[in-house]
Amino acid sequence: MSITSLHSGASALSALNTSLDVTANNLANVNTAGFKSSRVNFQDLLYVEKTQPGIENATGQRTPTGQYVGLGVKVAGTQLDFAEGSPVRSDRPYDVAISGHGFFRVNVQESLGNGGEAYTRDGQFTLNNERQLVLTTDTGRKLFDDITVPENATNVRIDQNGRVTATIQGQAEPQEVGDITVAVFVNPAGLKQIGENLFAETAASGPPITGVPGTENFGQLLQGVYESSNVDPTRELIELIRTQRAFEMNSQTIRAADESLRTVANLRR
């Protein structure tokens, strides 16, 4: 019946609208440092079974196929792409990029992250009024490792293993200020997006595994560099075109179903 076609077409338009929203968000964040793009995964809905495969027909033979009519499509979920973005050299002493696996750990409210901890690939840091290392966002999230640079410190260095040192006036040798640790997850695609370029732990992601950068499975740190967005504008624009064309085709399906229903409604005339 044309009613089924209408519902299938309507489900497609709803799912494609979600896909369009995700693509628009990816393109909007093409210049957001450390941003990770998402893609929409689709899945088909239930099927109306009109004939089972393998039943015996009038001639005593087993039918090789059945007869099923699908009821449309829905969005199964959005999947994060954690491919590394291109490194951008800024030569700013507090900009840090992770080359490899890992996330920076920052402080958030308990309501946002388990244990007041969230995770990000955004390595654009600066100092706040207390000379603590914080993100350069409007909220100024502080590093979970609590790195405080002394007031009379110069020539701050961050090595590939996260060791932060600074030259103190009057002292010949650089002094250690602190250590930056990173976290990895068994399933990073299961992290929860909470805004501000931050992710929070979920049951799907598993608990964070923290460690020293540049050891085992943890990526090493690069000072004076930050990671750019991993959004590929060309791919996103192609996806946008595909979504538009699919939207148009499903609109045609609804229009055809409407014409069929109009024909049936006019049979009594």
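**Two pockets and a helix**

Helix 2 gives the most to the lining of the largest pocket, at 6 residues. Before I go on, please keep in mind that this is a predicted model.

Helix 2 runs from 233 to 265, and it shares that lining with helix 1, residues 2-28, and strand 1, residues 38-44; each of these three supplies at least two residues. In total, 17 residues line the largest pocket. Which of them lie nearest its centre? Those are S38, R39, V40, E239 and R242. By type, the lining divides into 5 nonpolar, 6 polar and 6 charged residues. The space in this pocket comes to about 360 Å³.

Next, the second largest pocket. Its volume is about 220 Å³. The residues that line it include K36, F82, E84 and R121, the run G100, H101, G102 and F103, and also V184, F185, P188 and N217. Here the division is 5 nonpolar, 4 polar and 3 charged.

Back to helix 1, which we met at the largest pocket. How far apart are its end C-alpha atoms? They are 39 Å apart, and this agrees with expectation, because 27 residues at 1.5 Å a residue should span 39 Å.

Many positions in helix 1 can be listed as buried, among them S2, S8, G9, L13, L16, V22 and N26. What covers the buried residues of this helix? The cover includes strand 1, strand 3 at 67-70, strand 4 at 73-80, and helix 2. Strand 1 and helix 2 therefore come up twice in this talk: they supply residues to the lining of the largest pocket, and they are part of what covers helix 1.

Note on methods. Residues are numbered from 1 along each chain as its sequence is written. This is a predicted model: local features need pLDDT of at least 70, side-chain atom pairs count only at pLDDT 80 or more; totals for chains, interfaces and linings use all residues. Side-chain values use heavy atoms; hydrogens and water are left out. On a 1 Å grid over the protein atoms alone, a cavity is a set of points where a 1.4 Å probe fits but cannot get out, and a pocket is an open set with protein on both sides within 12 Å along at least five of seven lines; lining residues have an atom within 4 Å of a point. Grid points are joined across faces, edges and corners, and a volume is the space filled by probe spheres set on the points. Helices (H or I, at least four residues) and strands (E, at least two) are DSSP runs, numbered from the N terminus. Ala, Val, Leu, Ile, Met, Phe, Trp, Tyr, Cys and Pro count as nonpolar, Asp, Glu, Lys and Arg as charged, and the others, Gly among them, as polar. The expected span of a helix is 1.5 Å times one less than its number of residues. Buried means under 20% relative accessible area, exposed over 50%, partly exposed in between (1.4 Å probe, protein chains only). Contact means heavy atoms within 4.5 Å.
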